[in-house]
Amino acid sequence: MQRRQFTRLSLFLFGLGLADCSKNQVESTKGFTINRSNSLRIWWSQGYYPEETDALKEIIARWTQKSGIKVELSLLSEKDTLKELNNAIAAGNPPDIFYSIEADTQIIPRLAWNNQLADVSEVVEPLEKVYTGSVLHSVSYLNNVAKKRSYYAVPIMQYSVYIHCWQDLLAAIGKTPDAIPKDWQGFWQFWHFAQQQLRHQGQQTIYGIGLPMSEASDTFDIFENFLEAYNVKLINPNGRLLLDHPQVRQGITAALGKYTNFYKNGTVPPEAVDWGNTDNNIAFLSRTTLTRLAEFPTPATGGDG
């Protein structure tokens, strides 16, 4: 089974090209005025580990010393970042730079389409050789005003979906990781069979698969694996939705049926419909699920993993 990589956009800018940072005032692309006479405003989604925040603060301190421009850094919880951003946009007072691990799927395409983001091609283009093609494609968006694609974000990380399982639980039913089928249908059937075998041994609270069924971003990313498996292309190279194509609709129906059937047949915990982004990890580490699919960050530069 092919592992598909998903590039998650990490950084985008409102009316701000990095080359313009020394200017006192800049008119943005959509009526915002960014005042940089005193400082640069950065909103950053709080990291999972303190080291992430420490590294960010160190980078900002070095840049401030070099540029002479102060930075107002606001660290926001991931669940609040997009809400606060939308409020700031509505008020006409967005930050200069904003980071969120969910922005690429929930807000950046719309802002780029509406001409509300800065074109940062002068930042990305000199670095194109250090990025993979999939990364560059993921930060290239259509602008409905300019009527063309361009870079409206600077990628700093990408996410890949990985599969983990408990080898000791497999051993309890006489299986090893080598026994896991590589074909699509056989792979999923294996975990249903493993759950049944473990429950026959008395482990009544174990579930075969830790798939999120909620509004968590993991659900979005993992479901794209299912769309890939059924050869579903939702958008053509020109950005046009293909939902009116019968073959696309059939593929979506098949992918949805396969994904939701795990919940219907009891292979996924009932609580999965309410899971947040960390709950599938918690369920797995508490050994409630035998396997899980989860996304993990890697640098945006380098190979496709």
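These exercises, each with a worked solution, explore a predicted model of a protein chain.

**Exercise 1. The chain as a whole**

Find how many helices and strands the protein chain has, and what share of its residues is buried.

*Solution.*
Step 1. Count the elements. There are eleven helices and twelve strands in the protein chain.
Step 2. Turn to burial. Of the 305 residues, 45% are buried.
Step 3. Look at the surface. The accessible surface is about 16,000 Å². Carbon and sulfur atoms account for 52% of that surface.
Step 4. Check the contacts with a separation of 6 or more. Residues 24 or more positions apart make 72% of them.

**Exercise 2. Helix α9**

Compare the reach of α9 with the span expected for it, and work out which of its residues are buried.

*Solution.*
Step 1. Take the length. α9 has 13 residues.
Step 2. Compare the spans. From first C-alpha to last, α9 reaches 19 Å. At 1.5 Å a residue, 18 Å is expected, so the two values are close.
Step 3. Sort by burial. The buried residues of α9 are Ser217, Asp218, Thr219, Asp221, Ile222, Phe223, Asn225, Phe226 and Leu227.
Step 4. Place Phe220. This residue also lies in α9. Its relative accessibility is 40%, so Phe220 counts as partly exposed.
Step 5. Find a partner far off in sequence. Phe220 and Thr105 are 115 residues apart in sequence. Their C-alpha atoms are 8.7 Å apart in space.
Step 6. Step past the helix end. Just after α9, Asn231 has a positive phi of about 55°.

**Exercise 3. Two nonpolar cores**

Identify the elements that build the largest nonpolar core, and say which gives the largest share.

*Solution.*
Step 1. Start with size. The largest nonpolar core has 33 residues. Trp188, Trp191, Leu211, Phe226 and Phe262 have the most contacts inside it.
Step 2. List the elements. Two or more residues each come from α7 (167–172), α8 (184–200), α9, α10 and β12 (289–299).
Step 3. Pick the main giver. α8 supplies seven residues, the largest share of this core.
Step 4. Zoom in on Leu211. Setting aside residues up to four places away in sequence, Leu211 touches Trp188, Ile222, Phe226, Tyr259, Phe262, Val268, Ala272, Trp275 and Leu293.
Step 5. Add the other core. A second, separate core has 15 residues, including Leu85, Ile89, Leu111 and Tyr152.

**Exercise 4. Salt bridges**

Locate the two salt bridges of the structure, and decide for each partner whether it is buried, partly exposed or exposed.

*Solution.*
Step 1. Take Arg287 and Asp168. They form a salt bridge, with the closest N and O atoms 2.6 Å apart.
Step 2. Place this pair. Arg287 sits in the loop between α11 (279–285) and β12, while Asp168 belongs to helix α7. The pair links distant parts of the chain, 119 residues apart.
Step 3. Judge exposure. Buried means under 20% relative accessible area and exposed means over 50%. Arg287 has 33%, so Arg287 is partly exposed. Asp168 has 42%, so Asp168 is partly exposed too.
Step 4. Take the other pair. Glu228 forms a salt bridge with Lys233, with the closest N and O atoms 3.8 Å apart.
Step 5. Judge exposure again. Glu228 is partly exposed because its relative accessible area is 29%. Lys233 is partly exposed because its value is 45%.

**Exercise 5. Two buried residues and a surface patch**

Describe the surroundings of Thr289, find how far Val135 is from Ala300, and name the residues of the nonpolar surface patch.

*Solution.*
Step 1. Place Thr289. It is in strand β12. Its relative accessible area is 0%, so Thr289 is buried.
Step 2. Name its contacts. Leaving out neighbours within four places in sequence, Thr289 contacts Trp166, Ile206, Tyr207, Ile209, Gly210, Pro269, Ala283 and Phe284.
Step 3. Turn to Val135. This residue is in helix α6 (residues 133–138). Val135 is buried because its relative accessible area is 0%.
Step 4. Read the distance. Val135 and Ala300 are 165 residues apart along the chain. Their C-alpha atoms are separated by 6.8 Å.
Step 5. Move to the surface. Ile235, Leu241 and Leu243 form a nonpolar patch there. Together they have about 270 Å² of accessible area.
Step 6. Finish with Ile235. It lies in the loop between α9 (217–229) and α10 (246–264). With a relative accessible area of 48%, Ile235 is partly exposed.

Key
Residues are numbered from 1 along each chain as its sequence is written. This is a predicted model: local features need pLDDT of at least 70, side-chain atom pairs count only at pLDDT 80 or more; totals for chains, interfaces and linings use all residues. Side-chain values use heavy atoms; hydrogens and water are left out. Patches are made of residues with over 30% relative accessible area and no salt bridge: like charges are joined within 9 Å, nonpolar side chains (Val, Leu, Ile, Met, Phe, Trp, Tyr) within 5 Å. Accessible areas come from the Shrake-Rupley method with a 1.4 Å probe; for residues, only the protein chains shown count as cover. A salt bridge is a side-chain nitrogen of Lys or Arg within 4 Å of a carboxyl oxygen of Asp or Glu. Helices (H or I, at least four residues) and strands (E, at least two) are DSSP runs, numbered from the N terminus. Buried means under 20% relative accessible area, exposed over 50%, partly exposed in between (1.4 Å probe, protein chains only). Contact means heavy atoms within 4.5 Å. A nonpolar core is a set of buried Ala, Val, Leu, Ile, Met, Phe, Trp, Tyr and Cys residues joined through side-chain atoms within 4.5 Å.
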